[in-house]
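I set out here what I looked up in this structure, entry by entry. The topics are the interface, the cavity, the backbone and the salt bridges.

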Amino acid sequence: MQTLMVYSETGGVTKTTTAVSLATIAARQGMSVVLVDLDPRAASTKWLNLQPKEEGLHVGAILGNENPEGWAEDIAVTSYWSPNLRLIPSGRSVSNREADRADQSEVRLRTSFQGLNADLVVIDCPNRQGGPLTLSALTASDTVVYAAKLSADGVDGVVGARRTVDQFRLNRERIGAPSNINEAGIVAGSTKTTIMSRPAATSLEELRETKMLLLPLVPERAIVAEVRQVGDWYGDYQKGEPVLEAYTEIAEQVIQ
Amino acid sequence: MTPKPERPTSLARRAPRPAPDENVDPVDYSPQATTGDEPTPATQRSEKLPPTTHKPAEQPRPKRRPSEKKNHNTVGKREITVPFSTRLTPEVVQLIDQATAETGMSQRAVVENAIRETWG
């Protein structure tokens, strides 16, 4: 099972669009996928228009209780978009976990994956500089995909996120623990490809210099915002085809 | 010291349950608030949620009057607590859930009261 986290330290840079897209594309291709919404804002949860099976049975239950072995399988909710796609929802109270650091709490998410019937787990991370939620994702993941828009904020978000991943690896080395997290690349989402502004062109060049920029650039299309409002998958609409094609090519590069 | 049980009495996996502070809004949250029994005005104002099969939110309790004996486990205004972690059999967990549901007390209060009554 591959566990892939989508991460940036900046908000609004297509983390959720990237996470949901990779998860849904993989599910529609026949993989069994679990999407974990780790952001207290619950953007993925709202987009997929799903509710926890019972009140409080979202990712916060995993993070807020000791020994949540196997709880991911119990909590995951099947999506309307594909029988192969399930979601572990999030909720506002997940933010409480950012205020306390119980012993070994960073391993709870990984612990919950025991016995999980999935080929792929995709984690939609909150935009944080480290912190307990990010640490949970890093501990559970073997792959990190950075999300960025072509802007100074977008580049900053990737720089900060890479720094967090580097620090995590260093800490793991210090305690002699394995760190098998692989940086799969940077996704540049919601890109104006017809007329690119100078700041966007500069940001693109900065991302290229990392040698980690994944191609193609994902084009900006209004359909994505529209389907997020109604809870649909843009891949089911003609206007969503360019975005779907781009993310499908990216998925081939980052999903094992 | 009570002897250890020979083997688990039940092989049923512990079912997921909400976090203890599920009904605490992040604006009002503090690590102390999840373990204490004292209500805050904010938790009393918090939005009422539909009934569930899980342990309900802590019921508000009267604020401590100045004449009441102070808890000597305090440093200034902060109560000293220590983390406590152990595995429990599923039926004991169920008893704790039942006790919290029936009394409205927190898990911590239920466990502390039981220990004090038996061994205090």
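How many salt bridges are there between chain B and chain A? I worked from a predicted model, and I found a count of two between these chains. For one of them I noted the partners: B:Asp25 pairs with A:Arg92, and their closest N and O atoms are 2.6 Å apart. I recalled the general point that side chains of opposite charge can pair when their charged atoms come close.

**Entry on the interface.** I next looked up the extent of the contact. On chain B, 25 residues are in contact with 24 residues of chain A. The two chains bury about 2,000 Å² between them, and 42% of this area is on carbon and sulfur atoms. I also recorded eight residue pairs in polar contact between chain B and chain A, counting pairs with both residues at pLDDT 80 or more. On the side of chain B that touches chain A, I listed 13 nonpolar, five polar and seven charged residues.

**Entry on the cavity.** I searched for enclosed space and obtained one cavity of 30 Å³ or more. The volume of the largest cavity is about 50 Å³. Which helices of chain A each supply at least two residues of its lining? I found that helix H6 (131-140) and helix H7 (152-174) do so. Among the lining residues I noted A:Leu138, A:Thr139, A:Phe168 and A:Arg172. The lining also includes A:Pro178, A:Ser179, A:Asn180 and A:Ile181. By class, I counted four nonpolar, four polar and two charged residues in this lining.

**Entry on the backbone.** I kept in mind that most residues other than glycine have a negative phi, and that most peptide bonds are trans. I then noted a cis peptide bond joining A:Leu215 and A:Pro216, with omega about 10°. A:Pro216 is in the loop of chain A between helix H8 (198-209) and helix H9 (222-230). I also noted A:Ser190, a residue other than glycine with a positive phi, near 50°. A:Ser190 is in the loop between strand E7 (182-188) and H8 of chain A.

**Entry on salt bridges over all chains.** The count over all chains came to 12 salt bridges. I looked up the one between the side chains of A:Arg28 and A:Asp236, at 2.9 Å from N to O. A:Arg28 lies in helix H1 (residues 15-28) of chain A and A:Asp236 in the loop between H9 and helix H10 (241-254), so this pair ties together parts that are 208 residues apart in sequence.

Note on methods. Residues are numbered from 1 along each chain as its sequence is written. Chains are lettered from A and ligands numbered from 1 in the order in which they are written. This is a predicted model: local features need pLDDT of at least 70, side-chain atom pairs count only at pLDDT 80 or more; totals for chains, interfaces and linings use all residues. Side-chain values use heavy atoms; hydrogens and water are left out. Contact means heavy atoms within 4.5 Å. Buried area is the accessible area (1.4 Å probe) that two parts lose on being put together, summed over both. A salt bridge is a side-chain nitrogen of Lys or Arg within 4 Å of a carboxyl oxygen of Asp or Glu. A polar contact is a pair of N or O atoms within 3.5 Å; within protein, one must be able to donate a hydrogen and the other to accept it, and residues adjacent in sequence count only if both atoms are side-chain atoms. Ala, Val, Leu, Ile, Met, Phe, Trp, Tyr, Cys and Pro count as nonpolar, Asp, Glu, Lys and Arg as charged, and the others, Gly among them, as polar. On a 1 Å grid over the protein atoms alone, a cavity is a set of points where a 1.4 Å probe fits but cannot get out, and a pocket is an open set with protein on both sides within 12 Å along at least five of seven lines; lining residues have an atom within 4 Å of a point. Grid points are joined across faces, edges and corners, and a volume is the space filled by probe spheres set on the points. Helices (H or I, at least four residues) and strands (E, at least two) are DSSP runs, numbered from the N terminus.
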